[in-house]
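Hello,

Here is the structure I promised to pass on to you. Please have a look at it first, and then read my notes below.

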Amino acid sequence: AESKLQPKNFLERRMVVRYPYPFTHYLKLVLWRQAQLLLRDRTLIYVRLIQTTAVALLTGTLFYQLGSDQYVTRYGLLFNMVLTMMLSSIASISSVASGRKVLYKQLDSAFFPPAVFAIANCLVQ
């Protein structure tokens, strides 16, 4: 089944595109654009900052003085950290999903290589 958001011959055209500028030029531009899109939503930034500080304080007080022989507790700490990172990223799913149509349109027009967007999005998020 083919996606309605993705053009029919999107994959074929993407393979033959030659970009006139180097990869780093596009990376710098897209990284700047993604940062601007993230900084546009100040409320989300403040909520994430408060949430991260609260979770860091709670985790720090729970696992403050671990002995060198408490391996199970250390695994619990690692699990807690990974779970917290995964759950805190749920808030950004709606912004990523809303930008898919724009991304497909820009990739189809060969504005920049797809890997540039993936790297810039990972660095900004």
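**A buried ring and its partner**

Let me start with one side chain: Phe-112 has a relative accessibility of 5%, so it counts as buried. Please keep in mind that this is a predicted model.

The ring of Phe-112 belongs to a pair. It is one of 3 aromatic pairs in the structure. The ring centres of Phe-112 and Phe-117 are 6.5 Å apart and their planes meet at 20°, so this pair is stacked. Phe-117 is buried too, because its relative accessibility is 16% and the cut-off for buried is under 20%.

**The helix that carries Phe-117**

Phe-117 is one of the buried residues of helix α7, which spans residues 114-124; the others are Val-116, Ala-120, Asn-121 and Val-124. Looking down the axis of α7, you will find these buried residues within an arc of 125°, so they line one face of the helix. Cys-122 and Leu-123 are exposed on the other side of α7. And what covers the buried residues? Among the elements that do so are α2 (23-39) and α6 (100-108).

**The tyrosines**

There is also an aromatic cluster, formed by Tyr-19, Tyr-21 and Tyr-26. Within this cluster, the rings of Tyr-21 and Tyr-26 have centres 6.1 Å apart, with planes at 70°, so they pair edge-to-face. Tyr-26 counts as buried because its relative accessibility is 8%.

**A nonpolar patch on the surface**

Now turn to the outside. Phe-79, Val-82, Leu-83, Met-85, Met-86, Leu-87, Ile-90 and Ile-93 make a nonpolar surface patch of about 810 Å². Helix α4 (residues 71-88) gives the largest share of this patch, with 6 residues. Leu-87 sits in helix α4, and with a relative accessible area of 52%, Leu-87 is exposed.

**The protein as a whole**

Stepping back, the protein has 7 helices and 0 strands, so from the N terminus on you will meet the order α-α-α-α-α-α-α. Of its 125 residues, 15% are buried. The accessible surface comes to about 9800 Å², and carbon and sulfur atoms account for 67% of that surface. As for contacts between residues at least 6 apart in sequence, 68% of them join residues at least 24 apart.

If you want a place to begin, try the stacked pair of Phe-112 and Phe-117, and then follow α7 along its buried face.

Best wishes

Definitions and conventions. Residues numbered from 1 in each chain as written. Predicted model: local features only at pLDDT ≥ 70, side-chain atom pairs only at ≥ 80, totals over all residues. Heavy atoms only, no water. Phe/Tyr/Trp six-rings, centres within 6.5 Å; stacked < 30°, edge-to-face > 60°. Buried < 20%, exposed > 50% of the residue type's maximum accessible area, 1.4 Å probe, protein only. Patch = residues over 30% accessible without salt bridge, like charges linked within 9 Å, V, L, I, M, F, W, Y side chains within 5 Å. Areas by Shrake-Rupley, 256 points an atom, 1.4 Å probe, with all protein chains shown as cover. Salt bridge = Lys/Arg side-chain N within 4 Å of Asp/Glu carboxyl O. Helix = DSSP H or I, 4+ residues; strand = E, 2+ residues; numbered from the N terminus. Arc of directions from axis to C-beta. Contact = heavy atoms within 4.5 Å.
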